[in-house]
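Me: I am in my first year and would like a close look at a single part of this structure. Could you take me slowly through the place where the nonpolar residues gather?

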Amino acid sequence: MSERINIKGMWWKGLGVVLFLYVIVGGMMIPLKPGILSIQPGNAVNGDTVKLEVTGYNTHFLSGGDLRTWLKLDSSHFIQAFQIQATGETMCKATFAIPSSMASYTGVQPLTLILDNEVDGYSIQPNAIFLAINDSLSTGEGWDSSIDEPLHAMGQIRFPYRNILHETIRNTFFHIALWFAMFLLLLAGLWHAVMYLRQGLPQQDIQSAAYHKVAILFGLLGIATGSVWAKFTWNTFWTTDVKLNMTAVAMLIYLAYLILRNTIADEDKRARVSAGYSIFAFIALIPLVFVIPRLTDSLHPGNGGNPALGGEDLDNTLRLFFYPSILALTLLGNWMATLLIRYEKIREKMFYHS
Amino acid sequence: MKYHSKFRKFASLTGAFLAICPSLMAQQTDFLRSTGKIYSVVAVIAIVFIGIAFFLYRLDYKLTKLENQIKNEQ
């Protein structure tokens with residue numbers, strides 16, 4: 001009746017473990033690119049001479065070679081610091097003479113800070129300083145139209161430095177990969193549910209239920225890890241973000257699947273009802289998680305008009321660990337599901353024999 | 001009866017943990033935010049590990065029950 005367990009079929013379990021180890025070790029060891037942590041003071045008036053105190057992260061202001069910095073108003077208005085003094089590897093003071101003429105700008109304008117040296121490459125901090133503009137001339141005098149010398153690029157493999165995220169960008173390998181693995185496991189569960197409805201073998205119901213249970217566990221872990229990540233980036237465990245709430249609804253639909261299974265005593269009926277319900281739940285999951293969050297604004301990248309999984313949020317160095325992590329978690333989830341399946345098969349066999 | 005006392009122990013432990021959680025969190029927040037918030041990544045990995053360990057514990061518990069059932073039948 002039941003298949004024999006093949007020892008040679010172990011390879012994918014080992015692969016899952018090795019890949020997950022690779023993700024944890026590599027994902028934690030590779031440093032972030034240098035970046036700018038803070039800039040003081042945060043505002044100035046046109047015509048001022050401002051001394052900015054810049055705090056860097058993973059930077060080499062002292063040992064990194066020639067340090068240069070610019071403030072950028074727009075793509076054709078730059079000023080270079082006339083004096084820059086590094087007081088430590090992560091601390092420097094840059095003095096700018098901000099021109100009194102502000103082209104055609106009025107009101108308050110944000111300036112971007114650009115910092116460059118040979119070792120660290122360039123770092124960019126948008127909204128570094130807010131400029132209050134008083135009675136400006138519209139000539140644009142005193143600004144450079146471009147950065148004359150080329151900027152350096154960081155050559156080593158480093159994870160991107162993102163404001164607010166900082167080191168938590170590494171959660172991409174765990175939080176996001178968990179959701180991807182959950183989705184793949186739900187697909188496996190759906191597949192077995194459909195196969196049960198077509199062929200009606202009891203083991204297909206067991207397989208479907210096991211994949212769903214592991215996927216639901218991964219989903220709950222995804223919510224918990226996301227909550228911790230949100231606490232340290234958005235400063236709250238739970239926001240009214242549309243993706244959070246819609247995912248919570250999707251998880252509740254799937255939790256109802258577990259309750260449904262427990263309430264039906266008759267095995268054939270339970271198998272048929274839960275297979276049908278799992279198809280409904282999957283169809284509900286697609287708009288809840290993939291469609292609705294994209295229609296409105298969301299804090300999650302890839303929603304509300306943001307490019308999905310691209311740019312600095314997922315560059316090639318992150319992909320080096322992100323895709324293996326999805327594979328590793330899917331393989332581990334599959335392992336967990338097969339353990340559950342084996343347990344349920346033994347139990348079923350016992351009930352049939354007794 | 002046995003299950004009942006186990007559950008009460010679990011509930012009281014959980015309750016105690018939840019009670020000290022806020023003060024622990026307040027102390028730990030600064031630590032978790034240090035060095036570019038790297039420790040929040042550690043917390044995330046720990047949650048994933050705890051989740052998988054919980055799954056293993058549940059399966060272990062269920063298997064033990066099954067083993068006892070088999071033993072009783074023989």
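Reply: Please keep in mind that this is a predicted model. A good place to begin is A:Ala177, which, leaving aside residues up to four places away in sequence, touches A:Phe322, A:Ser325, A:Ile326 and A:Leu329.

A:Ala177 also belongs to the largest nonpolar core, a set of 56 residues, and it is one of the members that touch the most other members, along with A:Leu178, A:Ala181, A:Met182, A:Leu185, A:Val214 and A:Phe218. Several helices build this core: in chain A, helix 1 (11-29), helix 2 (175-199), helix 3 (202-233), helix 4 (242-263), helix 5 (267-295) and helix 6 (316-353) each supply at least two of its residues, and so does helix 1 (2-73) of chain B. The largest share, 13 residues, comes from helix 2 of chain A. Apart from this core lies another one, made of 21 residues, which include A:Leu67, A:Cys92, A:Ala94 and A:Leu111.

Since chain B takes part in the largest core through its helix 1, the contact between the two chains deserves a look as well. That contact takes 26 residues from chain A and 21 residues from chain B. On the side of chain A that touches chain B, helix 2, helix 3 and helix 6 of chain A each supply at least two residues, and the residues of this side divide into 17 nonpolar, six polar and three charged. Helix 2, helix 3 and helix 6 of chain A are thus named both among the suppliers of the largest core and among those of the side that touches chain B.

How values were computed: Residues are numbered from 1 along each chain as its sequence is written. Chains are lettered from A and ligands numbered from 1 in the order in which they are written. This is a predicted model: local features need pLDDT of at least 70, side-chain atom pairs count only at pLDDT 80 or more; totals for chains, interfaces and linings use all residues. A nonpolar core is a set of buried Ala, Val, Leu, Ile, Met, Phe, Trp, Tyr and Cys residues joined through C-beta atoms within 7 Å. A residue is buried if 20 or more other C-beta atoms lie within 10 Å of its own, exposed if 12 or fewer, and partly exposed in between; C-beta atoms are placed from the backbone. Helices (H or I, at least four residues) and strands (E, at least two) are DSSP runs, numbered from the N terminus. Two residues are in contact if their C-beta atoms, placed from the backbone, lie within 7 Å. Ala, Val, Leu, Ile, Met, Phe, Trp, Tyr, Cys and Pro count as nonpolar, Asp, Glu, Lys and Arg as charged, and the others, Gly among them, as polar.
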